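I opened the model to look up how some strands pair and how one helix is packed. My notes follow the structure.

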Amino acid sequence: MNHPHNPRALLTPQMRGVIDRMARLGHPPMHALTAQQARAHYEAGAGVLDLAPHKMARVEALQVPTRDGTSLPARLVAPTHEPLPVLFYTHGGGFTIGSVATHDSLCRHLAHLAHCAVVSLDYRLAPEHKFPTAANDAWDALQWLAGQGAALGLDTTRLAVGGDSAGGTLAAVCAIEARDAGLPLALQMLFYPGTTGHQDTPSHRHFAQGFVLEEPHISYFFNHCVRTPADRDDWRFAPLYADDLDGVAPAWIGLAECDPLVDEGVMYADKLRLAGVPVDLEIYRGVVHEFIKMGRAIPEARQAHEDAARALRQAFA
């Protein structure tokens with residue numbers, strides 16, 4: 001994408017106002033915190049700009065088994081008790097912060113708009129659990145959901161994956177693994193996914209400071225997650241590096257224009273299209289990473305929710 005000399009001029013007035021208010025709060029930068037402090041800080045602020053959570057007919061706590069015998073918490077939300085199609089959702093947070101709770105309102109909103117069930121997973125976080133634990137957890141949970149969903153009263157013949165940021169990475173990885181395992185998916189719904197292991201695109205330079213997700217944050221997350229530099233080149237960490245994307249699920253990709261990750265999101269969409277995968281790409285102008293959780297203040301967030309839900313409805317139909 002083309003980036004102007006003054007990228008801040010791209011921001012919408014509402015987005016600029018949110019960023020200015022965040023700066024005035026004077027919180028310590030995330031990269032100055034321990035992972036535990038960063039999680040608590042993110043949890044405390046997660047709902048400030050988010051839409052009020054929809055009431056759901058079903059809200060159920062689940063326990064998901066993994067390959068190493070650990071049982072992971074997950075949450076099922078659904079607007080009705082009928083057998084609905086299912087979105088398996090993995091939250092963002094750089095593999096280090098975030099939880100089912102921080103993304104509960106978003107998952108409920110998607111369930112409401114798309115008239116589907118959403119199962120969101122509390123995968124294990126770094127640095128306590130480094131790569132590839134999160135990727136393994138997500139794939140284990142998706143396979144479990146595909147096998148056990150009918151017993152939960154869900155229609156797992158219509159199954160999609162989705163996520164934002166690092167959760168978008170995990171959803172993209174799950175789509176590749178599902179293709180390899182012969183597990184059919186209706187859609188991969190990716191909000192500004194991380195797809196590369198190196199911060200070397202123009203958007204990483206242009207939006208490195210002052211756009212919510214800053215370069216030191218990305219380095220902080222990556223350094224918590226990877227074991228060795230070689231992990232950055234593993235397609236399960238950076239799905240853009242996958243050898244072959246032929247036959248993966250169709251994609252809906254929603255990107256923020258003023259986001260370090262926007263270029264790699266476009267690159268991933270292009271690579272999918274070159275592999276013959278149907279891709280619906282939306283770039284929301286004048287907004288930053290994390291905007292989809294700012295629905296009270298940012299109209300583009302509400303538009304992105306509507307667009308993603310429409311793609312889910314069409315895929316499930």
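I looked up the partners of β7 and found strand β6 (residues 187-191) joined to β7 by four bridges, the two running parallel. I count two strands as paired if DSSP finds at least two bridges between them. Helices (H or I, at least four residues) and strands (E, at least two) are DSSP runs, numbered from the N terminus. This is a predicted model, in which local features need pLDDT of at least 70 and side-chain atom pairs pLDDT 80 or more, while totals for chains, interfaces and linings use all residues. Residues are numbered from 1 along each chain as its sequence is written, and side-chain values use heavy atoms, with hydrogens and water left out.

In the β6 pairing, I noted Leu190 opposite Ile253 in β7. I then went to strand β8 (residues 279-288), which runs parallel to β7 and is joined to it by seven bridges. There Leu255 stands opposite Ile283.

I checked the connection next: β7, helix α8 (residues 262-274) and β8 form a right-handed β-α-β unit. Right-handed means that, with the strands pointing away from the viewer, the path from the first strand over the helix to the second runs clockwise.

I also checked burial in β7 (residues 251-258): eight of its eight residues are buried (under 20% relative accessible area, 1.4 Å probe, protein chains only).

Last, I turned to helix α3 (residues 104-114), which is largely enclosed by the rest of the structure because ten of its eleven residues are buried. Among them are Cys107, Arg108 and His109. Just after α3, I found His115 with a positive phi of about 50 degrees.

Conventions: Buried means under 20% relative accessible area, exposed over 50%, partly exposed in between (1.4 Å probe, protein chains only).
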